[in-house]
Amino acid sequence: MPKLRWSFPAVLPLALSAPLYAQDEGETPEIDHSEIVVTGEGLEQAPSVSAYAVSEIERDDIVASASGRIEDTLRNVAGFQQFRRSDSRSSNPSAQGVTLRALGGNATSRALVLLDGVPLSDPFFGYVPLSSIAPERLGSIRVTRGGGSGPFGAGALAGTIELESADADTLGPVAASLLANDREETEASASIGANLGAGFAVVSGRWDRGQGFFTTPDDQRVPATARAAFDSWSIGLRAVAPLSDTVELQARGLVFDDARTLRFDGANSTSEGQDASIRIVGRGDWQFDALAYLQARNFSNVVISSTRFVRVLDQRNTPSTGLGGKFELRPPVGSGHTVRLGVDYRRSDGELQEEAFSAFTGNLRERRRAGGTNSDLGFFIEDDWQAGALLLTGGLRADRTIISDGFFRALDASGAVVSEIIATDRRDWSLSWRAGAAYDAGGGLRLRAAAYTGLRLPTLNELYRPFVVFPVVTQANAALENERLEGFEVGFDWAPNENVSFALTAFDNEVENAIANVTLEPNLRQRQNLPAIEAQGIEAALGLEFGQISFDGSFTYTDAEIAGSGASVALDGNRPPQTPRLAFSASLTWQPAAGWRLAGTVRHTGAQFEDDQETDILPAATTLDVFAQVPIAGKFSAVLRGENLLDERIVTRNSRGAIDLGVPRTVWIGIRYGF
């Protein structure tokens, strides 16, 4: 298997070159470049998108964040939220869950994140490997809120975040950047793109490293306290070639590695991955999109005692594999209809391998193993009917979910069984749907309304892996049920001219069987299905352009609470952990000439509770970021970036007064070529 992980991406260029060079020696290729155009993208967005709350981010904004991280760019979208406020340099990788509409939960993602149509979430944990997503590789981002019923819809409980890679023309033959900050940390990236016949290929790489900052406040530091050091790299390969005048072959490979240190010396974590995918897209009368992907991931983590500062847990190995694919067909039905029908499949398997040690003697106490297999086979159909100014859309999805081979086993140092759980295999069918309408009222005004349901399987991590953030133990729960979303929204989009756009959405979403870390005792929690998490709120976005000056703003207010009963009745009415009521972002940009960009961004995140008991609070935080790019000569530009320039105290974790902090004031300076 290890050989397969590395060799599969390596053969992708060969597969792509075949259509270009599969002719006899000396024979002239029968390719009419004036007619064959490859895009490297999937099928055109279906008309149904008009009925839902959608935000799009263009490349110029993607590559102009103050931190250079993808999560920083996504924070400009109303409703986007990470599990914790820390970014992918100073958080535990397994805590990088993302969601939309403040639906709360734990570190698992409730939003479906796709890169060129491929789900990105980790097969074992369900987090998104944010450090592997280099913003400079992307061409656009589309965020659709609300439950999904189309391809891979079982992961789109809160919505879908679609990342599209940039093509060779966008990236240019050569592009590179090198920046350093006031802590002597560095960020380097480069890409090479070339048009090959009627297709193209892009090779890119990125390397981030640094000593990091102290996440621990001054008054809580001890001799063992360490900076949040990070060292991550990724290499991507992407190629596209025509198979005919209407069919193109796309292939992508990604290899990444990420190492971090958190809080104490020796508290090291690593995450690594090797991903590959092949996609065939047909744009003829019978349009189709066929995709297959393979993911090989691993994670390790060392836990250091916060009282004796020695190793107490070595989660040394968590190998996991994800594989899947989809086939979507759009037949030419005519009469104003766009029909999508298809099937998709996802399978995740993995195993935790860890050892627990005594904080007093350092001796081995337990060896633990846990893991299993989850799979989902989905069938979907959706029809969009355009009748003049009115669009009606509706879709159904049926999922066959299987949770199997689950186990947890703990052995003492002598090999005797301390505890063991052999989970019962489970199989189920689930039906989800969505429906919506959009009406073009004229004058740039579009009215829309939608209702939907959604589905998410518990991850292998939630089902089988317990964990400790001293002194709190969180137990897994092999009996967790699938989460289910029911919701609706109404809103409008208004764009009276090309310089003004405004969108407003009111929504009401409810997650039944919401999985959360529920407090059982002061030092004990367990992952459990809550009866529901209910969230109602409004989202707004405003875009303005005045010649060289532009403004982009987003705002969200969410009233979310837990609907508790039975064992969780004490939580009834509490706000879900890590869920702010209010968040907004406002960016002002000045582009006085070609290649120039001067921008400032203010973001505010309201107060959040760390836990379900509403005892530990994360205070509100307001930050100011800046970005400047100034041409020097030719394709060279100087870049200046500033993160949290007002040095706001950002509390990212509060466990009974033990606090972690987010990024302090940080200034970057560097140079770019070809951007």
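This is a short tour of aromatic rings, and of charges placed over rings, in a predicted model.

Before selecting anything, keep in mind that the count of aromatic pairs comes to nine. Begin with Phe124 and Phe125, which form one of these pairs, with 4.9 Å from centre to centre and 65° between the planes; the pair is edge-to-face because its angle is over 60 degrees. Colouring by accessibility will show that Phe124 is buried, at a relative accessible area of 0%, and that Phe125 is buried as well, at 1%. Now extend the selection to Tyr127 and Phe299, which together with Phe124 and Phe125 make up one aromatic cluster.

Next, select Phe636 and Tyr673, whose ring centres lie 4.8 Å apart with the planes at 55°, so that this pair counts as tilted. If you display the strands at this point, you will find Phe636 in strand 34 (residues 636–643) and Tyr673 in strand 37 (residues 666–673), and the pair thus links distant parts of the chain, 37 residues apart. As for accessibility, Phe636 is partly exposed, with a relative value of 39%, and Tyr673 is also partly exposed, with a relative accessible area of 27%.

The last stops concern charges over rings. Select Arg311 together with Phe357, and look for the charged end of Arg311 over the ring of Phe357, at 3.8 Å from the ring centre. Then move to Arg101 and Phe507, where Arg101 lies over the face of the Phe507 ring, 4.5 Å from its centre.

Terms used:
Residues numbered from 1 in each chain as written. Predicted model: local features only at pLDDT ≥ 70, side-chain atom pairs only at ≥ 80, totals over all residues. Heavy atoms only, no water. Phe/Tyr/Trp six-rings, centres within 6.5 Å; stacked < 30°, edge-to-face > 60°. Buried < 20%, exposed > 50% of the residue type's maximum accessible area, 1.4 Å probe, protein only. Helix = DSSP H or I, 4+ residues; strand = E, 2+ residues; numbered from the N terminus. Lys NZ or Arg CZ within 6 Å of the ring centre and 35° of its normal.
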